[in-house]
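Here are some questions and answers on a sheet, a pair of helices and two threonines. Have the structure open while reading.

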Amino acid sequence: EGGETIRYVYFPDDGLISLLIVMGDGTVREIGVIGNEGMLGAAVALGVKTTSTRALVQLPGSAMRMKAGALREELKRGGALPNALRRYAHALFTQVSQSAACVSSHALDKRLSRWLLMTHDHAPGDKFEMKHEFLAMMLGVARPVMTRAAGRLQNKKMIRYTRGRVTVLDRGRLEATACECYGVVKKEFDRSAAKSRLNSVL
């Protein structure tokens, strides 16, 4: 939960974690996602001891857990790990910044396509569980609005969406429909991963 002390950091092997902001009125909005390219608790690498976001497992998976204090001690040793985590933190910041701009700049169908691509990138296959309520909350719209948007993508044979299960049918068309934010963020994470090799460092 936001405001809590970070006692552990997590390095996902698979699955997907959503980073959420909870507003004063209880409204929840997603600002970023974490998969096996990074870690939950990156703030620790920047000297921060508390988190400002809520973390929610979006797709199930496994992760390596490490005490935050142990990570701080390891970072003091230098080597490849500090640079790897700083590069990852920068890529995550890019994702959060791009997500903030995306909400006010792009149509819902484009944002939904982007979100589905990000989820598909971390799913074990072309099918994954996703409820209408969750999708609506993630993208900041009412459920009926989300239902109509998903229906439009389904009518165009990009996805199949039934009983809370999404099946990606045509990833190429989803990529063509998605806003530019997907490509911007993916490029930054790919560049960060190539330079930092976070997974190999761990």
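**Threonines, sheet and helices**

Threonine 167 has its place in strand β8. The model is a predicted one.

Q: Is threonine 167 buried or exposed?
A: A residue counts as buried under 20% relative accessible area and as exposed over 50%. The relative accessible area of threonine 167 is 9%, so this residue is buried.

Q: Which residues does threonine 167 touch, not counting those up to four places away in sequence?
A: Contact here requires heavy atoms within 4.5 Å. With residues up to four places away in sequence left out, the residues touched by threonine 167 are Asp126, Lys127, Met158, Ile159 and Arg160.

Q: Which residue stands opposite threonine 167?
A: Strand β8 (residues 165-168) pairs with β6 in the antiparallel sense, over 3 bridges. Opposite threonine 167 in β8 stands lysine 127.

Q: Which are the edge strands of the open sheet with the order β6-β8-β7?
A: The sheet has 3 strands with antiparallel pairing, in the order β6-β8-β7. An edge strand pairs on one side only, and this applies to β6 (127-129) and β7 (159-162). Neighbouring strands of this sheet are turned against each other by 15° on average, direction ignored. The edge strands are β6 and β7.

Q: What distance separates the C-alpha atoms of threonine 167 and leucine 81?
A: Along the chain, threonine 167 and leucine 81 are 86 residues apart. Their C-alpha atoms are separated by 37 Å.

Q: Which backbone oxygen lies 2.8 Å from a polar atom of the side chain of threonine 177?
A: Threonine 177 is placed in helix α6 (residues 171-177). Leaving aside neighbours within four places in sequence, threonine 177 is in contact with Asp109, Lys110, Ser113, Leu153 and Met158. The backbone oxygen 2.8 Å from a polar atom of the threonine 177 side chain is that of arginine 173.

Q: How many residues of α3 are buried?
A: Helix α3 (residues 108-122) has 15 residues, which at 1.5 Å a residue should span 21 Å; its end C-alpha atoms are 22 Å apart, in agreement. The helix is mostly covered, and the number of its 15 residues that are buried is 13.

Q: Is α2 roughly parallel or roughly antiparallel to α3?
A: The axes of helix α2 (residues 80-105) and α3 come within 11 Å and cross at roughly 155°. Angles over 145 degrees count as roughly antiparallel. The contact involves Gln95, Ser99, Cys102 and Val103 of α2, and Arg111, Arg114 and Met118 of α3. Given the crossing angle, α2 and α3 are therefore roughly antiparallel.

Terms used. Residues are numbered from 1 along each chain as its sequence is written. This is a predicted model: local features need pLDDT of at least 70, side-chain atom pairs count only at pLDDT 80 or more; totals for chains, interfaces and linings use all residues. Side-chain values use heavy atoms; hydrogens and water are left out. Helices (H or I, at least four residues) and strands (E, at least two) are DSSP runs, numbered from the N terminus. A polar contact is a pair of N or O atoms within 3.5 Å; within protein, one must be able to donate a hydrogen and the other to accept it, and residues adjacent in sequence count only if both atoms are side-chain atoms. Two strands pair if DSSP finds at least two bridges between them. Axes are lines fitted to C-alpha atoms, for helices over the stretch in contact, and angles run from 0 to 180 degrees between N-to-C directions. The expected span of a helix is 1.5 Å times one less than its number of residues. Buried means under 20% relative accessible area, exposed over 50%, partly exposed in between (1.4 Å probe, protein chains only). Angles under 35 degrees count as roughly parallel, over 145 as roughly antiparallel, 65 to 115 as roughly perpendicular and the rest as oblique.
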